[in-house]
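Please open the structure in your viewer and keep the selection tool at hand. The tour proceeds by selections, each followed by a short account of what is found there.

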Amino acid sequence: MLNTNQNQTIEEKRDYVNNLIVNNNKKEIEDFLDKNGITLKDLINLKDILIFSIENNASYEMVKYIVEQYDNLNYSVDFKLLDMKAPLFSAIASNKFRIADLLIQNGADINYELNYLNILYYLDSNNFLNKNNLKYILNNGFNVKNIDSYLINNFSDDIIKLIFKYATYNKLFILGLLDLYKNKKPLSTKKLREIMDEENNKLKVENDFYMEAIDKEDYNKIGTLLHYDNDNNQEGENVGSLDIPNETNYQKLFSLFGTYDRNNHSGKKYDFVQKIKDRSLSFTIDDKTINTYTVANIDRIREDIKMLIKEGAKEKITDYVEEHCIEVKELNTSDFDLLIYAIENTPDNQNGLIMILYLIVFAKYHNFNYFIKDGDSFKTPLTAAVGNNKFLSAEFLIDNGAEIDYKFVDPENNNISYNCLNYYYDNNKLNKENLKYILTGEHTFPAVVDTPLIEKLINNNDNEMAEYLIIKVRSLINFNLYKTAIMNRNIDMVDKLYDIDPRGLESVKDIADILIDLGAEDDIVDTCLSKIRDPKLNLYLSEFLKDYCQYCY
């Protein structure tokens, strides 16, 4: 029954019309609008109806009726919790291609961007992408130049194959050629060739497609990219049989691996090659090609160079590299670096600095702010120098651009994100010498002397460093440090703490309270008092604890 309640709010009228839309009651909608003296546009201005009709399975005729009320179909609506939507995007997302055709015929743009996202990004990021709607957008004018490395490396091989299959020589291209012939527009051989070349180059495998795959270590994706790079293989060939060399593509691929490894200090090219040799990928590359673009026996060569660095044999390194025709930086990997190795394994004197300077020039190092893996941690040229007490090398690096804060300070807010003292200690590289260099040298290191660090030192009986730090920051002496020392039977540290502690009898009371609290569990009171060397402390504690142990009197 038609609702003609004049007291309804505009929102209630919109909701009533939405219900009629879902039930495809076009005639009733028209009657309702007429009797209430409103138009569909009045309701559209309040909240979108077209997207609602598409997503709620209104009939084609109903959607067509609604579309006729719109002057522009390239718009978006914020559905709050359901995010931004656009009519054409909603139709294609649900594979309603007849409705999508209707929208396009009435001006909807397949290349419209929703919050800077094109239709392909929208479908993929919302898990709406499938083979059917992918074919649809490619056949209806989607600009394939908007397909970037992120999308390519986020797609499955099946999706990529469809993209390359339908991106060129698709329905629109064929219809365009037919239109030329139908209108009897003459095409010279040259013009036809230009049209074909333009179509062939419409979607190219860009270098950043490879670089993204290298970065993600998605090496099987590289096989797919090689297959479609510059029409390397014709449609229908098996992507799993890439053992026919294509020198241009292979040269580009291995050059990109080299660029990536140099920029990111990694050894991914040789990781990739090893997987090819192990036949653990979905495609193959012949040995001749691999040998053309890689260094044979690189592990042995690396060991030979390491030995020559230790010997300080600069001339031998030069001769060796020339003899084996290698680019010396190719020896670097994600966990090995020539310069860092030299810093760690040459003496910290003039001769050692000469070797380091030689490698910097010979291997063309232009930046000292990089890192390599060190187990679960990392190391940089500067941390290698400081961590091995190579202070001449450290000064040289700092004077030539090594940043003291690198890897320790968050560049966005300039806050210390990793206390360098913790770094050196956690990596077994903190000692009294470099501790003094860090804290008292002329450079301001991202170092924080705090209670957790001192507790770690006390736990591991590194009393000399703990004492040094406490003397630097006496205010850190507290109840917890005494408790840490006592619980670890580190009585020597209890003596040292008491000797430094300015609080006098208050510190004795702290110690006594800890011993009383722990004494019921074992012989910790007796052990502590029997080993404390400071006679005054022993006397005070004995008085506090005379009821608790055999050493008290």
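The stops below go from the nonpolar cores to individual helices and then to two loop residues. Please note that this is a predicted model.

**The nonpolar cores**

Begin by selecting Leu50, Leu103, Ile137, Ile222 and Phe272. These belong to the largest nonpolar core, which has 89 residues, and they are the ones that touch the most other members. Next, select helix α11, residues 157–167: with seven residues, α11 supplies the largest share of this core. A second core, of 87 residues, lies apart from it, and Ala313, Phe445, Ile491 and Leu541 are among its members. As a general point, nonpolar side chains in soluble globular proteins tend to be buried together.

Return to Leu50 and display its surroundings. Which residues does Leu50 touch, beyond those up to four places away in sequence? They are Val63, Ile66, Val67, Tyr70, Leu73, Tyr75, Pro87 and Leu103.

**Helix α7**

Leu103 leads to the next selection, helix α7, which spans residues 97–105. Colour Ile99, Ala100, Leu102 and Leu103, the buried residues of α7. Viewed down the axis of α7, the buried residues fall within an arc of 155°, so they line one face of the helix. Then select Arg98 and Gln105, which are exposed on the other side of α7.

What do the buried residues of α7 pack against? Show α4 (50–55), α5 (60–67), α6 (87–93) and α9 (131–139), since these are the helices that they pack against. Just after α7, select Gly107, where phi is positive, at about 105°.

**Helix α2**

Move to helix α2, residues 26–36, and colour its buried residues: Ile29, Phe32, Leu33 and Asn36. These residues cover an arc of only 95° around the axis, and therefore lie on the same side of α2. Turn the helix to find Lys27 and Asp34, which are exposed on the other side of α2. Just after α2 comes Gly37, with a positive phi of about 65°.

**The pair α14 and α15**

Now select residues 207–216, helix α14, together with residues 219–228, helix α15. In general, two packed helices are described by the angle between their axes and the distance between the axes. Here the angle is about 160° and the axes are 8 Å apart. The two helices α14 and α15 are therefore roughly antiparallel to each other, and their crossing is left-handed. To see the contact, display Phe209, Tyr210, Ala213 and Ile214 of α14, with Tyr219, Lys221, Ile222, Leu225 and Leu226 of α15.

**Two loop residues**

Continue to Asp229, in the loop between α15 and α16 (247–264). Is Asp229 buried or exposed? Its relative accessible area is 0%, so Asp229 is buried. Leaving out residues up to four places away in sequence, Asp229 touches Val205, Tyr210, Asn249 and Lys252.

The last selection is Thr346, in the loop between α21 (338–345) and α22 (350–362). Thr346 has a relative accessibility of 6% and so counts as buried. Beyond its neighbours within four places in sequence, Thr346 is in contact with Ile309, Gly352, Met355, Ile356 and Lys390. To finish, draw a C-alpha to C-alpha distance between Thr346 and Ile356: the two are ten residues apart in sequence and 8.4 Å apart in space.

Methods:
Residues are numbered from 1 along each chain as its sequence is written. This is a predicted model: local features need pLDDT of at least 70, side-chain atom pairs count only at pLDDT 80 or more; totals for chains, interfaces and linings use all residues. Side-chain values use heavy atoms; hydrogens and water are left out. A nonpolar core is a set of buried Ala, Val, Leu, Ile, Met, Phe, Trp, Tyr and Cys residues joined through side-chain atoms within 4.5 Å. Buried means under 20% relative accessible area, exposed over 50%, partly exposed in between (1.4 Å probe, protein chains only). Helices (H or I, at least four residues) and strands (E, at least two) are DSSP runs, numbered from the N terminus. Contact means heavy atoms within 4.5 Å. The arc is that of the directions from the helix axis to the C-beta atoms. Axes are lines fitted to C-alpha atoms, for helices over the stretch in contact, and angles run from 0 to 180 degrees between N-to-C directions. Angles under 35 degrees count as roughly parallel, over 145 as roughly antiparallel, 65 to 115 as roughly perpendicular and the rest as oblique. A crossing is left-handed if the near helix is turned anticlockwise from the far one by less than a right angle, and right-handed if clockwise.
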